Amino acid sequence: MAIKKTGGLGRGLGSILPDIDIDAAKGGSVAATISEIPLAKITANPYQPRKEFDKEALEELAQSIRQQGVITPITVRQMPDGSYQLIAGERRMRASQLAGLKEIPAYVRVATDTQMMEMALVENIQRADLNAMEVALGYKALIEECRLTHDQLSEKVGKNRSTITNYLRLLNLPAETQLALSGDKISMAHARALAGVEDVERHLEILHAIVERGLSVHQTEQMIKQAKQPVVKTVQRRGDLPKQHVDAKDRLRQRLQSVVEIKRSQRGKGTLTIAFNSDADFERIMNLLEK
């Protein structure tokens, strides 16, 4: 029995799951047939890129399944011992278990480990609302485990090569930034801007400012631009800042999370300059100074 591909899966998944007769699959090809499979005989997918499942969303899906049943079959492969291993559709499987179902409709495919990984990762990357870090890890797995080049991966998932490169760059970010991104504390655009800040200490200072102050992407980029302004280093002279002024400047910068400049004459007179990005940022700094 051959299953006709639907346009909703995207050209990447379609290139991995061709229409092949089930008899041909016995020779090692990828093929599918639809069956009702006992949920108790299905084991989890070891290549599932999704790490977190929203409990409320699962219960809503379970309620829909109680009323209408499972509309879109999950995808599994049959193992030598007669059990089944999930390829794609873990949310539907979990929701079906919550709904009290004993069986679930499934496409039964014959696939190697590599084909299964490709199908699982591509299906999830294209169809599920993974966070940016999960997508990045999925791309990395496809490249490393399936030995794909960036161009081959671009073809399989139907994404521009530059998009894939931007996601993979996230894996080079500090762990704290990756956690903030996966926890939706910062956006993908914030993370891309932060990727340009190589100094880890300054990188984390800006990250904390984004989270604590709710900086927009534009404000973040302005803050990064200020941080990248070159610092002119000169030989110590009589007019240079004393250590107590340098230490005070660093303390203010840490407390205010803003660019601070101090200029001082040889007689001890000078100016203290504090940069701000907007009226709201000005009010924030004033509140900190008045405490």
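Reader: In the hairpin of β3 and β4, which residue takes a positive phi?
Author: A word on the ground rules: this is a predicted model, in which local features need pLDDT of at least 70, side-chain atom pairs count only at pLDDT 80 or more, and totals for chains, interfaces and linings use all residues. Residues are numbered from 1 along each chain as its sequence is written, and side-chain values use heavy atoms, with hydrogens and water left out. Helices (H or I, at least four residues) and strands (E, at least two) are DSSP runs numbered from the N terminus. Five residues lie between the two strands of this hairpin, and the one with a positive phi, near 95°, is G82.

Reader: In which sense do β3 and β4 pair, parallel or antiparallel?
Author: Strands pair if DSSP finds at least two bridges between them. One bridge here sets V76 against L86 of β4. Across four bridges, strand β3 (residues 74–78) and β4 pair in a sense that is antiparallel.

Reader: And which residue of β4 is the bridge partner of I42?
Author: I42 brings us to β2 (residues 42–43), which runs parallel to β4 and is joined to it by two bridges. The partner of I42 in β4 is Y84.

Reader: How many residues of strand β4 are buried?
Author: Buried means under 20% relative accessible area, exposed over 50% and partly exposed in between, with a 1.4 Å probe and protein chains only. Strand β4 covers residues 84–88 and is mostly covered; of its five residues, the number buried is five.

Reader: Why does S96 count as buried?
Author: S96 sits in helix α4 (residues 90–98). Leaving aside residues up to four places away in sequence, S96 touches L39, I65, V70, L101 and I104, where contact means heavy atoms within 4.5 Å. S96 counts as buried because its relative accessibility is 0%.

Reader: Which element gives the most to the largest nonpolar core?
Author: A nonpolar core is a set of buried Ala, Val, Leu, Ile, Met, Phe, Trp, Tyr and Cys residues joined through side-chain atoms within 4.5 Å. The largest one has 36 residues, and Y139, L142, L153, L170 and I186 are those with the most contacts inside it. Elements giving two or more residues to this core include α5 (113–127), α6 (132–145) and α7 (150–157). With seven residues, the element that gives the most is α6.

Reader: How many residues are in the other core, the one with I74 and L86?
Author: That core lies apart from the largest one. Among its members are I74, L86, M93 and I104, and its residue count is 18.
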